[in-house]
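Colleague: Please pick a single part of this model and look at it closely. Then set that part beside the rest of the chain, in plain terms.

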Amino acid sequence: MTTVKNPTGWSSEGDHMPTLVRMDELDVDDVGFGDLPTRGMPIRPAEDAVLINNPSGQFRAIKADNGFEVQKEKGSVFETLYKDGFTPRKPEEFYENLEYNQHHPDSIFVKKLIITMPKAYVHASMSENHLTLTKSAVKEKVEVNAGNYTEILKDYFGLDIKIDRLESAL
C-alpha cells in the first residue's frame, strides 16, 4: 500500500486509522482535526463522488485499488490526502496511538496547547500563539496573548476558563 502524507502529517499506515462507517453505504468519518470534514464522506467511484463542503474546502472519498482515497479539491483538481484499504480493526488496535497522542512527551498534543472546533461556517483552532480561523478555504490568523485568550476561548469554543499553561506562558 502507498502512504500519502496529507498536510496535517497524518498518513494511512501506522499513525492514522480512518474510521469507516456503514449506514446506507460505506463512509469515511473523521473528527475534523486538520481541516477534514466532520461529516461522513461516502466512498464511491470518482465519477459518482459526493462533494463534501467544509470551511476549509471541498472533499471527497473515492474507491481506488482495493481501498479508498480521501481527496481535497485544489484549484480544479483533487489532491489525494491519504489512501487506505478496508482492513477491519479492533478497538485495541487504536490504544497505542491514543496513548502516544495523549501522554508521550514527543506528541504534539502534549508539547503544545491545541484547541480545535469545526463548525458549519468556520473551523477554529487555537494554539498558545495564535487562533486560526478557516472560512471558505481561506485561513485568517489572530495573535493570542494574555489580553485576548480568555475572550477567544469564550467566543469560539464556548469555554469560560483560565488555562494555567497559557497564564504562565503569556
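Modeller: A residue is called exposed when its relative accessible area is over 50%, buried when that area is under 20%, and partly exposed in between. The model is predicted, and the part I have picked is the loop between strands β5 and β6.

Strand β5 covers residues 57–64 and strand β6 covers 67–74, with Asp65 in the loop between them. Asn66 belongs to the loop between β5 and β6 as well. Asp65 has a relative accessible area of 75%, so it counts as exposed. Asn66 has a value of 78% and is therefore exposed too. The backbone of this loop also deserves a look. The phi angle of Asp65 is positive, near 35°, and Asp65 is a residue other than glycine. Asn66 is not a glycine either, yet its phi is positive, at about 60°.

Now the setting. The protein chain contains 4 helices and 11 strands. Of its 170 residues, 36% count as buried. The chain exposes about 10200 Å², and carbon and sulfur atoms supply 50% of that area. Contacts along the chain can be sorted by sequence separation: of those between residues at least 6 apart, 33% join residues at least 24 apart.

Another place to look at on the surface is a nonpolar patch of about 230 Å², made by Ile108, Phe109 and Ile114. Ile108 sits in helix α2, which spans residues 108–111. Its relative accessibility is 43%, so Ile108 is partly exposed.

Further along the chain there is a sheet to trace. Four strands make up this open sheet, in the order β8-β9-β10-β11, with antiparallel pairing. The edges are β8 (115–118) and β11 (138–143), each of which pairs on one side only. From one strand to the next, the twist averages 10°. Strand β10, residues 130–135, is joined to β11 by 6 bridges, and these two strands run antiparallel. One residue pair to find there is His130 with its bridge partner in β11, Glu143. Helix α3, residues 149–157, packs on this sheet and touches β8, β9 (123–126), β10 and β11. The direction of helix α3 makes about 150° with that of β9.

To return to the loop: Asp65 and Asn66 are both exposed, and each has a positive phi without being a glycine.

Technical notes. Residues numbered from 1 in each chain as written. Predicted model: local features only at pLDDT ≥ 70, side-chain atom pairs only at ≥ 80, totals over all residues. Heavy atoms only, no water. Pairing = 2+ DSSP bridges. Axes fitted to C-alpha atoms, helices over the stretch in contact; angles between N-to-C directions. Contact = heavy atoms within 4.5 Å. Buried < 20%, exposed > 50% of the residue type's maximum accessible area, 1.4 Å probe, protein only. Areas by Shrake-Rupley, 256 points an atom, 1.4 Å probe, with all protein chains shown as cover. Patch = residues over 30% accessible without salt bridge, like charges linked within 9 Å, V, L, I, M, F, W, Y side chains within 5 Å. Salt bridge = Lys/Arg side-chain N within 4 Å of Asp/Glu carboxyl O.
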